[in-house]
Amino acid sequence: MKALPLALASLLALAGAARADAADPGAPLPPKAETWSFEGPFGTFDRAALQRGFQVYKEVCSACHSLNRIAFHTLADDGGPGFSVAQAKAIAAAYKIPADPNDKGETVDSSGERLTRPGIPADHFPPPFANEEAARASNGGALPPDLSIIVKAREGGPRYVYSILTGFGQKPPAGFKVLANKYYNPYFAGRNISMPPPLTEGTVTFSDGTTASVDQEAHDVVTFLTWAAEPKLEERKRLGFGVMIFMLVLSGLLFLSYRRVWKDAH
Ligand code: HEC
């Protein structure tokens, strides 16, 4: 009869663990149910949102986050933000790219500054920091991840990133400890995030006159980052639809020929 109390004790222990888990103060909330133009089988990107989102990345996020898989020329590609080739060229030229060694073999000038050249369409977005150590040193030891595929890399995708960006400023529950140099964000695992709230109302001034609320800025930059993570989304959906139509027509033809072949067999 020793087994029974033991089994009971382990059951109780299990129940206790489950309860502790449910009450884990660091467990993240599920992402907000934001809706997007690019969802569903016919979804497409909202060009104006992509362009505004690019502006938010450029003016805010790029101070800490790289976007190193994205080349400037793709800003003018079909299914993208819809900039003209000339605009993409001008955007590239406004960036400073670390230059190749000059004819004296130098990569830094006399005061130790990295030599740079203007970007060209084939260049990728340059990173804000020279290396990981420099990135961590500026961010209290935390590493701002590259944003090129963040939307694909996180469960919840666009809704997760949107929730993180709009999830600041809430009061932590009584007894929750916000760690030194961290910010409370209930959508982040552990709820203590090293990123300071990046967006406030009017952080950017949209050139198309759209009011720059935090929600708008977040929605637009997430649209842009979704395109960055999946630049061929529209093409994929179009192709998928074409394939469906093709299959339907093919099924119809097969059915007709089946009837014809078996017409006299009955
Ligand atoms: C001042 C620097 C800074 C700025 C500006 C900034 N971030 Fe961050 N971000 C960070 C740091 C640092 C982390 C890592 C947080 C951590 O690990 O606790 C981070 C993390 C993130 C994460 C990842 C959360 C995860 O699941 O790992 C996302 C998404 C993100 N930032 C998006 C953005 C976007 C979009 C912008 C622009 C609107 C932005 N950030 C602006 C510093 C910054």
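**Exercise 1. Find which helix gives the most to the shell around the ligand in this predicted model.**

Solution. Start with the helices: α6, residues 157-166, contributes the most, with three residues. Next, take in the whole shell, where 22 residues surround the ligand. Cys61, Cys64, Ser194, Met195 and Pro198 are the closest of them. Finally, sort the shell by class: 18 residues are nonpolar, three are polar and one is charged.

**Exercise 2. Describe how α6 and α7 pack.**

Solution. A helix pair is described by the angle between the two axes and the distance between them. Here the angle is about 145° and the axes of α6 and α7 lie 9 Å apart. Now add the handedness: this crossing is right-handed. Then list who takes part. From α6 come Pro158, Val161, Tyr162, Leu165 and Thr166, while α7 brings Val214, Asp215, Ala218, His219, Val222, Leu225 and Thr226. Counting by class, the contact has eight nonpolar, three polar and one charged residues.

**Exercise 3. Trace the largest nonpolar core and the helices that supply it.**

Solution. Begin with the members: there are 31 residues, and those touching the most other members are Tyr57, Val161, Val221, Phe224, Leu225 and Ala228. Then assign helices: α2 (47-59), α5 (150-153), α6 and α7 (214-229) each supply at least two residues. The largest share, eight residues, belongs to α7. For a closer look, pick Ala228: leaving out residues up to four places away in sequence, Ala228 touches Leu67, Ile70, Leu147 and Ser148. Last, note a second, separate core of six residues, with Phe83, Ala88, Ile91 and Ala92 among them.

Technical notes. Residues numbered from 1 in each chain as written. Predicted model: local features only at pLDDT ≥ 70, side-chain atom pairs only at ≥ 80, totals over all residues. Near = placed C-beta within 6 Å. Helix = DSSP H or I, 4+ residues; strand = E, 2+ residues; numbered from the N terminus. Nonpolar A, V, L, I, M, F, W, Y, C, P; charged D, E, K, R; others polar. Core = buried A, V, L, I, M, F, W, Y, C linked by C-beta atoms within 7 Å. Buried ≥ 20, exposed ≤ 12 C-beta atoms within 10 Å, placed from the backbone. Contact = placed C-beta atoms within 7 Å. Axes fitted to C-alpha atoms, helices over the stretch in contact; angles between N-to-C directions. Left-handed = near helix turned anticlockwise from the far one by under 90°.
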